[in-house]
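Dear colleague,

I am passing on the structure we spoke about, and below it I have set out what was found in it. Please read the notes with the model open beside them.

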Amino acid sequence: MKEAINPPKSSTPKAFFLSLILLSLFYLIFLSLQSKHPNSGHRTITINGLKIRPGYTSYDTYIHHQLHKTTNPKLRKIWTSRDWDRKIRVFTRFFSQLKQEKLLTNSSKALCVGARVGQEVEALKRVGVNDSIGLDLVPYPPIVIKGDFHHQPFDDKTFDFEFSNVFDHALYPDKFVGEIERTLKPGGICVLHVAISRRADKYSANDLYSIEPLKKLFNGSDLVRSRKVDGFGLDTEVAFENLQVLVLDRKWSVHCPILLHCNPVDYGPSSFKFFNSWLHVEGFDDVLIGVASKFVVNP
Ligand SMILES: C[S@@+](CC[C@H](N)C(=O)[O-])C[C@H]1O[C@@H](n2cnc3c(N)ncnc32)[C@H](O)[C@@H]1O
């Protein structure tokens, strides 16, 4: 007897739908894991003149990329031997100038953000700023401690002075600056070395095209000054002063006024401006004629 041959049932649509469901499930799990990490996901900063580099798929990828160079044993050997004094000499010149400008003093409590093996910390100590420490993903005891500059491991209002030449390594420039402003004392000074005219290295996480984005990010500070420098590929030095806000105690006033204190900055004489609207002000002609008559020389 011939067996009835039933054609095999096609399992393709079933398998397709099953894998589709599984894939969506995996995707949802992936998304929920991503959002649990405070620094994951890629945000785009929309400040003109500041671009976050694409390519970091997660915060871990970014950290891993940063560590790749910093932990390289051969490079660390070079940085702490052949390069050691050469770099300290350059930093010493920068810090001496800042001392002359009174932006840094021997009694300043100072932090160097992204200090790697700490040549800038050593330079601060050599110019007399003894209470100085560095912060980096990789520690270099005793002068550089371990920490992420997006979440500085320090209390609010700890430092009088912070220096950094690694702004371009910040994946979240707003957090980088926010942490500096948080850990600086009121009236504290932050000095950054940044690259404006040329692109920084392949480990950078952002590109800066002018100092305007910095002025926006440092919204709790005053720009003290900026100048051109030659600092290991970084061409601009920008100094900010953390604003001092003081809320007077109730015993001094029923209004509890808020005082905003900024150190006076000398921007030079202000230029004379003439507004067209003045011509429509009643009596303006008389003022003008009165002033002009002083310059009329009678023959
Ligand atoms: C170009 S190196 C600058 C080193 C040092 N300032 C110097 O001039 O010799 C950048 C440094 O930033 C550090 N870095 C990068 N991302 C960081 C982060 N999120 N938190 C702390 N340090 C970080 C790196 O580990 C590296 O040591």
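Helices and strands are DSSP runs, numbered from the N terminus, with at least four residues for a helix and at least two for a strand. In those terms, arginine 116 lies in the loop between E2 and H5, and I come back to this residue further down. Please bear in mind throughout that this is a predicted model.

Overall fold and confidence

The secondary structure of the protein comes to eight helices and 11 strands, and 25% of the 299 residues are buried. Among contacts between residues at least 6 apart in sequence, 61% join residues that are at least 24 apart. The mean pLDDT of the protein is 85, with 79% of its residues reaching 70 or more. Over residues 1–8, however, the pLDDT is below 50, and this stretch has zero contacts in the model beyond near neighbours in sequence. Residues 31–41 also have a pLDDT under 50, although for them the model has 10 contacts beyond four places in sequence. Where pLDDT is low, the predicted coordinates should not be read in detail.

The nonpolar core

In soluble globular proteins, nonpolar side chains tend to be buried together. Here the largest nonpolar core has 47 residues, and those with the most contacts inside it are Phe95, Val113, Ala170, Phe176, Cys190, Val191 and Leu192. Among the elements that give two or more residues to this core are helix H4 (84–100), strand E2 (110–113), helix H6 (173–183) and strand E9 (234–242), while E6 gives the most, with six residues. Leaving aside its neighbours within four places in sequence, Ala170 is in contact with Phe149, Phe176, Ala205 and Asn206.

Leucine 234 lies in strand E9. This residue counts as partly exposed because it has 19 C-beta neighbours inside 10 Å, where 20 or more would be needed for a residue to be buried. Beyond four places in sequence, leucine 234 is in contact with Asn165, His193, Val194 and Ala195, and its C-alpha atom is separated by 8.2 Å from that of arginine 198, which is 36 residues away along the chain.

Around the ligand

There are 17 residues around the ligand, of which Gln66, Thr70, Gly114, Arg116 and Phe149 come nearest. By class, this shell has six nonpolar, seven polar and four charged residues, and helix H2 (59–70) and H5 each supply at least two of its residues.

Backbone points to check

Most residues other than glycine have a negative phi, and most peptide bonds are trans. Against that background, which residues other than glycine have a positive phi? One is Arg116, at about 50 degrees, and another is lysine 102, with phi near 65 degrees. Are these two residues buried or exposed? Arginine 116 is buried because 23 other C-beta atoms lie within 10 Å, whereas lysine 102, in the loop between H4 and E2, is exposed because it has 9 other C-beta atoms within 10 Å. Finally, the peptide bond from proline 141 to proline 142 is cis, with omega near 0 degrees, and proline 142 lies in the loop between strand E3 (132–136) and strand E4 (144–146).

With best wishes

Conventions:
Residues are numbered from 1 along each chain as its sequence is written. This is a predicted model: local features need pLDDT of at least 70, side-chain atom pairs count only at pLDDT 80 or more; totals for chains, interfaces and linings use all residues. A nonpolar core is a set of buried Ala, Val, Leu, Ile, Met, Phe, Trp, Tyr and Cys residues joined through C-beta atoms within 7 Å. A residue is buried if 20 or more other C-beta atoms lie within 10 Å of its own, exposed if 12 or fewer, and partly exposed in between; C-beta atoms are placed from the backbone. Two residues are in contact if their C-beta atoms, placed from the backbone, lie within 7 Å. A residue is near a molecule or strand if its C-beta atom, placed from the backbone, lies within 6 Å of it. Ala, Val, Leu, Ile, Met, Phe, Trp, Tyr, Cys and Pro count as nonpolar, Asp, Glu, Lys and Arg as charged, and the others, Gly among them, as polar. pLDDT is the predictor's confidence in each residue, from 0 to 100.
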